[in-house]
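The following note is offered to a colleague who is meeting this structure for the first time. Its points are numbered so that each may be checked against the model in turn.

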Amino acid sequence: MRTISENRCFGGIQGVYAHASDACQCEMTFGLFLPAEAQDGPVPLLWYLSGLTCTHENAMVKAGAQQFAAEHGIALVFPDTSPRGEGVANDEAYDLGQGAGFYVNATETPWAPHFRMWDYIADELPRILTANFEVEEDRQAITGHSMGGHGALTLAMRHPGRFRSVSAFAPIANPSQSDWGRKQLSAYLGADESLWLPHDSTHLMLETGFDGEILIDQGTKDQFLELLKPESLASAMAARRQPGAIRFQEGYDHSYFFVASFMEEHVAFHAEALWS
């Protein structure tokens with residue numbers, strides 16, 4: 001692992017690091033904010049998964065999360081959204097290929113050799129973080145935006161007991177029934193739609209739910225609202241009587257202005273679960 005940068009930030013350190021990934025078979029980059037408390041020992045960790053076209057940097061510089069994480073004494077990790085580099089498959093479209101890993105393990109050509117973001121986020125990066133930084137293994141929570149919200153919800157529901165809480169900003173909530181999902185899942189996983197369902201949070205909500213609270217914010221002026229399908233997930237949560245809330249925020253769109261507006265509440269939501 002190599003250090004790309006480390007900057008003092010709200011009493012802690014905002015770092016950017018790169019390492020050779022066994023899962024993705026390329027170099028991967030992530031951002032990690034450690035609060036001042038990490039100087040004295042391991043601290044709880046909140047994962048932030050980003051959306052289409054993003055890198056580790058988008059949320060790190062736009063979401064304003066470090067200030068609130070510092071107030072609660074928790075760490076933040078900002079992974080990249082896909083494998084990258086020479087020899088890694090790509091597509092001319094913004095919503096497939098590099099920058100659009102969709103948090104799945106691809107099985108189809110040409111994606112299978114590198115696009116294993118599920119294994120990277122679920123297994124490899126957690127091991128790297130706990131081995132090299134002062135973060136707790138058993139006090140973790142997860143959030144994300146758009147494609148990252150999809151990843152956060154599916155990872156949380158498929159790993160019971162790992163995350164104490166989960167939240168999302170405008171998640172792709174029913175990808176097996178949306179053009180933001182059907183395109184990517186068919187490309188990465190093939191035509192058998194039964195293989196898509198473990199990566200659909202609406203389906204997972206009906207099947208298993210989450211063993212904790214969920215918080216979801218969705219802007220009513222989101223330009224991608226028809227692709228996100230929050231109503232499907234809301235119906236599934238109601239049918240399951242899932243603890244939590246989906247809040248429709250009047251006038252907000254899909255941008256980081258929206259994410260930043262509610263980040264303080266999301267960090268506080270997770271901090272309550274992490275420190276309980």
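1. In strand E5, leucine 76 is the bridge partner of phenylalanine 33. This contact belongs to the pairing of strand E3 (residues 26-34) with E5, in which four bridges join strands that run antiparallel. As the model is a predicted one, this pairing and every point below describe a computed structure.

2. E5 also pairs with strand E4 (residues 43-49), here in the parallel sense and over three bridges. Within this pairing, tryptophan 47 has valine 77 of E5 as its bridge partner.

3. Is E5 mostly covered or mostly open? It is mostly covered, for five of its five residues are buried. Both of its faces are covered: Ala75, Val77 and Pro79 are buried on one side, and Leu76 and Phe78 are buried on the other. The two bridge partners named above therefore lie on opposite faces of the strand, Val77 on one side and Leu76 on the other, and both are buried, which means a relative accessible area under 20%.

4. The loop between strand E5 (75-79) and helix H3 (117-132) holds proline 110. The peptide bond that joins threonine 109 to proline 110 is cis, with omega at about 0°. As background, most peptide bonds are trans.

5. A second group of strands centres on E8 (residues 213-219), which is mostly covered, with six of its seven residues buried. With strand E7 (residues 163-169), E8 pairs in the parallel sense over five bridges; serine 165 stands opposite glutamate 213 in this arrangement. With strand E9 (residues 244-249), E8 is joined by six bridges, and these two strands also run parallel. Here leucine 215 stands opposite alanine 245 of E9.

6. What span should the twelve residues of helix H4 (residues 147-158) have? At 1.5 Å a residue, the expected value is 16 Å, and the C-alpha atoms at the helix ends are 17 Å apart, which agrees. H4 is mostly covered, since eleven of its twelve residues are buried. Among them are Met147, His150, Leu153, Thr154 and Met157, together with Gly148, Gly149 and Gly151.

7. Glycine 149 lies in helix H4. With a relative accessible area of 0%, glycine 149 falls under the 20% limit and so counts as buried. Its C-alpha atom is separated by 8.8 Å from that of isoleucine 216, although the two residues are 67 residues apart along the chain.

8. Leucine 274, in helix H9 (residues 256-274), is likewise buried, with a relative accessible area of 0%. Leucine 274 and proline 42 are 232 residues apart in sequence, and their C-alpha atoms are 13 Å apart in space.

9. Two residues that are not glycine deserve a check of their backbone angles. Lysine 229 has a positive phi of about 55° and sits in the loop between helix H7 (225-228) and helix H8 (230-240). Arginine 241 also has a positive phi of about 55°, and its place is in the loop between H8 and E9. For context, most residues other than glycine have a negative phi.

10. How exposed are lysine 229 and arginine 241? Lysine 229 has a relative accessible area of 24% and is partly exposed, because this value lies between the 20% and 50% limits. Arginine 241, at 72%, is over 50% and therefore counts as exposed.

11. The structure holds zero disulfides. Cysteine 9 is in none, as the nearest cysteine sulfur, that of cysteine 54, is 19 Å away; the cut-off for a disulfide is within 2.5 Å. Cysteine 54 is in no disulfide either, and the nearest cysteine sulfur to it is that of cysteine 24, at 17 Å. Cysteine 9 is buried, with a relative accessible area of 16%, and cysteine 54 is buried as well, at 7%.

12. The largest pocket contains about 220 Å³ of space. It is lined by 13 residues, and those closest to its centre are Leu52, Thr53, His145, Phe224 and His254. Which classes make up the lining of the largest pocket? Six of the residues are nonpolar and seven are polar, and no charged residues are present.

Methods. Residues are numbered from 1 along each chain as its sequence is written. This is a predicted model: local features need pLDDT of at least 70, side-chain atom pairs count only at pLDDT 80 or more; totals for chains, interfaces and linings use all residues. Side-chain values use heavy atoms; hydrogens and water are left out. Buried means under 20% relative accessible area, exposed over 50%, partly exposed in between (1.4 Å probe, protein chains only). The expected span of a helix is 1.5 Å times one less than its number of residues. On a 1 Å grid over the protein atoms alone, a cavity is a set of points where a 1.4 Å probe fits but cannot get out, and a pocket is an open set with protein on both sides within 12 Å along at least five of seven lines; lining residues have an atom within 4 Å of a point. Grid points are joined across faces, edges and corners, and a volume is the space filled by probe spheres set on the points. Ala, Val, Leu, Ile, Met, Phe, Trp, Tyr, Cys and Pro count as nonpolar, Asp, Glu, Lys and Arg as charged, and the others, Gly among them, as polar. Two strands pair if DSSP finds at least two bridges between them.
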